[in-house]
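Walk through this model from its conventions and confidence to the details of single residues. The sequence and the coordinates come next.

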Amino acid sequence: MPCWYYDKKELRNTPSSLDNIDYETEMRYRKEGARFIMDTAFKMDLGCNTKATGAVYFHRFYMFHSFRQFPRYVTACCCLFLAGKVEETPKKCRDIINTARGLLSDAKFSTFGEDPKEEVMTLERILLQTIKFDLQVEHPYRYLLRYAKCLVGDESKLEKMVQMAWTFVNDSLCTTLSLQWEPEIIAVALLYLAGKLSQFEVVDWVGRTNKHLRWWDMFVEDVTLDLLEDICHQVLDLYSQPVAEAPPDSPPLSPKLLLAAPSSSKTNGQEKEKVETPKIKPPATTVAPTLPEIPSYPYPPAFSTTSHAGTYLPQYANPTVAPPHIAAPPPGPPPPHMPAPPAVLYPPYVGPPPHYPPVVPPAPFYQPTPAAPPHRPFYPPPN
Amino acid sequence: MSKEGSTTYEDLNIIGTGAYGTVYKARNRTNNTFVALKKIRVSLTEDGIPMNTLREIGLLKQLDSHEHPNIVRLLDICHGQRSESELVMFLVFEHVDQDLASFIDKWANSRTKLSNDKIRNISREILGGVDFLHSQRIVHRDLKPQNILVTQNCHIKLADFGLAKTYDFEMRLTTVVVTLWYRSPEVLLGQSYATPVDIWSVGCIMAELFMLKPLFCGTSEGDQLSKIFQILGKPHENEWPATNVFINYNSFEVKNKIEIKTLMPNICDNAFDLIMRMLTFNPYKRICALEALNHEYFMEEPLEL
């Protein structure tokens with residue numbers, strides 16, 4: 001069984017970085033590819049699991065290949081195409097490509113070459129081999145709902161918090177978090193973050209025992225606050241990145257592939273792009289010793305256009321009414337919209353956690369001792 | 001990771017040809033170990049590899065991550081040639097020298113009976129594997145001695161599961177006769193079926209371990225049912241399925257009834273009771289794998305060989 005979890009050093013030592021693509025640029029490509037998968041999935045009415053599976057395939061693929069060799073939007077289409085089949089929500093390759101054409105600029109779409117469908121179909125085999133046929137991927141969504149059902153508190157606040165956490169999980173697909181941590185841990189971290197931002201303090205939960213210091217101790221073992229905050233920061237960093245005005249669409253192809261490229265139009269497309277490629281300046285994304293500009297929640301317009309909070313949450317159609325099943329877990333079997341929880345309560349730790357402390361220690365945005373109020377909260381509470 | 005099966009794996013000989021395709025013994029050139037290569041042909045549609053095949057392969061991979069001791073390991077998957085309409089894929093499994101069919105043959109030829117402890121251990125491990133598959137919502141559908149592997153230390157590993165829908169495509173291409181001997185009545189009668197079909201097969205296989213020859217050797221669906229009723233007796237008419245039956249209840253007349261105990265003269269009571277619970281006509285009343293594992297037969301001492 002291959003291990004799909006990487007530490008931060010490995011994430012900086014990818015095929016793309018060996019191919020002279022700097023880290024910030026690679027992270028931008030990953031973000032754009034994943035965001036494109038989500039936008040395409042959204043346009044095609046695909047559910048959260050399909051888009052999340054596609055995004056995970058995408059991130060895994062680029063742990064073995066360079067963005068220079070495989071244009072990201074073609075890969076993204078292929079990942080979504082494959083995820084559709086695996087999640088039993090299949091879409092025709094042609095329809096995905098047509099949707100992609102509508103979302104992408106001509107320059108970006110030109111990376112699909114003369115026969116876009118053939119381009120994607122050929123990539124399917126490479127993708128399958130690269131991800132080693134590990135097609136079944138678990139996502140934080142189901143854990144999020146499962147954990148939320150155990151929390152006790154004001155129902156409307158809880159409801160708001162789960163909505164927010166759900167959005168964070170959506171957005172986390174744009175980061176490499178799925179390559180770092182199991183879905184259970186990401187779910188805990190983003191529920192924790194949503195709790196902070198929506199001022200919902202979890203003081204009681206169903207199934208609490210003396211052994212449980214924090215609510216998540218019930219679900220995951222050995223998860224420290226440092227770890228949770230690092231995960232939260234990786235998601236929050238998405239929102240503090242400036243929207244780059246005119247970043248180059250794609251990295252220039254490596255000479256090797258230019259020679260091997262079978263389709264002439266592909267080369268043309270790449271050349272066209274090459275012309276408009278200036279030297280990439282990494283977007284300024286520093287987790288600051290000074291307070292970064294964290295937008296008040298909800299997000300700034302640049303972000304909210306692509307964030308589909310709530311749309312992906314079919315069971316919370318009306319956000320002001322707390323659904324009854326959140327209040328307390330039903331005594332019987334889980335409701336039909338939720339998969340039965342796995343038998344193992346404590347997931348085995350797959351990825352070894354020892355790669356701490358983080359590269360840039362994040363400023364604490366949370367005061368562990370409640371008896372210190374004069375501090376300005378790191379993140380302004382939502383209005 | 002191999003791009004082409006042909007470069008990493010060197011074919012040695014054919015181990016078996018089933019309805020689903022061919023299994024080769026092969027050598028992994030990179031580490032000089034033996035593997036079993038299962039070649040499957042996948043029909044390509046306009047939209048690439050079919051959803052069913054992807055689902056099933058994904059499932060196999062996920063199943064393998066549990067590393068269940070009674071399930072054969074899936075080591076690798078690689079592509080072979082691809083044409084317009086077909087893709088050849090190789091599933092690379094760990095290689096086990098012996099299957100239960102040859103194991104039984106060996107004992108039958110030696111004219112000595114298998115010891116009760118051996119039978120108990122083999123049965124328990126088969127059920128362990130079946131219980132695991134069922135807990136993962138997989139019905140094997142074709143359990144038989146040929147796809148139950150026996151390692152050198154006499155441990156059991158189940159093979160050939162989980163590709164039912166992929167195999168269907170292959171089966172239409174081949175004329176290989178599929179054995180009926182381990183088929184449950186509901187399958188023979190064309191009823192819908194589920195996990196109990198595997199339990200029926202295990203019941204037949206357990207009886208075979210005591211007898212060292214197959215329990216019901218039918219030559220057609222109808223004949224198979226006759227053989228079952230000849231030994232187990234005809235079920236009550238109430239138990240006969242009401243709808244979509246291929247074969248009429250009254251078309252059977254049981255002649256020359258054979259008393260099952262005479263076939264297994266030295267069987268202990270617990271083992272006999274368990275086999276009869278597995279060979280229950282009504283699938284809803286048939287014992288399930290987990291219950292079978294908790295049957296008194298497996299509580300007898302000694303548990304180990």
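The paragraphs below take up conventions, confidence, the strands and helices of one chain, and then four residues in it.

This is a predicted model, in which local features need a pLDDT of at least 70 and side-chain atom pairs count only at pLDDT 80 or more, while totals for chains, interfaces and linings use all residues. Residues are numbered from 1 along each chain as its sequence is written, chains are lettered from A and ligands numbered from 1 in the order in which they are written, and side-chain values use heavy atoms, with hydrogens and water left out.

Confidence is given as pLDDT, the predictor's own score for each residue on a scale from 0 to 100. In chain A the average pLDDT is 74, and 62% of the residues score at least 70. The elements of chain A range in mean pLDDT from 38 for helix H14 (residues 264-275), the lowest, to 97 for helix H4 (residues 48-61), the highest. Helices here are DSSP runs of H or I with at least four residues, strands are runs of E with at least two, and both are numbered from the N terminus. The pLDDT is below 50 over residues 255-336 of chain A, a stretch that has 114 contacts in the model beyond near neighbours in sequence. Residues 338-383 of chain A also have a pLDDT below 50, with 88 contacts beyond near neighbours in sequence. A contact means heavy atoms within 4.5 Å. Where pLDDT is low, the predicted coordinates should not be read in detail.

The rest concerns chain B. Chain B contains 11 helices and eight strands. Of its 305 residues, 52% count as buried; buried stands for under 20% relative accessible area, exposed for over 50%, and partly exposed for values in between (1.4 Å probe, protein chains only). The accessible surface of chain B is about 14,600 Å², with 49% of it belonging to carbon and sulfur atoms; areas come from the Shrake-Rupley method with a 1.4 Å probe, and for residues only the protein chains shown count as cover. Among the chain B contacts between residues at least 6 apart in sequence, 64% join residues at least 24 apart.

Which strands pair with E5(B) in the antiparallel sense? One of them is strand E3 (residues 33-43) of chain B, joined to E5(B) by nine bridges. Strand E4 (residues 74-82) of chain B also pairs with E5(B) in the antiparallel sense, over six bridges. Two strands count as paired if DSSP finds at least two bridges between them. On the E3 side, Leu37(B) has Val92(B) as its bridge partner in E5(B); Cys78(B) stands opposite Phe90(B) in E5(B). A hairpin of three residues links E4(B) to E5(B). Because eight of the nine residues of strand E5 (residues 86-94) of chain B are buried, this strand is largely enclosed by the rest of the structure.

A second group of strands in chain B forms an open antiparallel sheet of three, in the order E6-E7-E8. Strand E6 (98-99) and strand E8 (156-158) of chain B are the edge strands, each pairing on one side only. Strand E7 (residues 148-150) of chain B is joined to E8(B) by three antiparallel bridges, and Ile148(B) has Leu158(B) as its bridge partner in E8(B). H4(B) packs on this sheet, touching E7 and E8 of chain B, and its direction makes about 30° with that of E8(B). The angle runs from 0 to 180 degrees between N-to-C directions, with axes fitted to C-alpha atoms, for helices over the stretch in contact.

Two residues of H4(B) can be compared. Asn116(B) lies in helix H4 of chain B and is partly exposed, at a relative accessible area of 36%. Not counting residues up to four places away in sequence, Asn116(B) touches Phe210(B) and Tyr297(B). Its C-alpha is 9.4 Å from that of Ala271(B), although the two are 155 residues apart in sequence. His134(B) belongs to helix H4 (residues 116-135) of chain B as well, and counts as buried at 15% relative accessibility. With the same exclusion, His134(B) touches Thr195(B), Asp198(B), Ile199(B) and Ala289(B).

Two further residues are buried. Ser184(B) sits in the loop between helix H5 (164-173) and helix H6 (185-188) of chain B, and counts as buried at 1% relative accessibility. Apart from neighbours within four places in sequence, Ser184(B) is in contact with Val197(B), Trp200(B) and Arg286(B). Lys38(B) is in strand E3 of chain B and counts as buried at 3% relative accessibility. An unreviewed UniProt entry lists Lys38(B) under "binding site"; UniProt positions are given in the numbering used here, feature names are shortened, and annotations may be inferred rather than shown by experiment.
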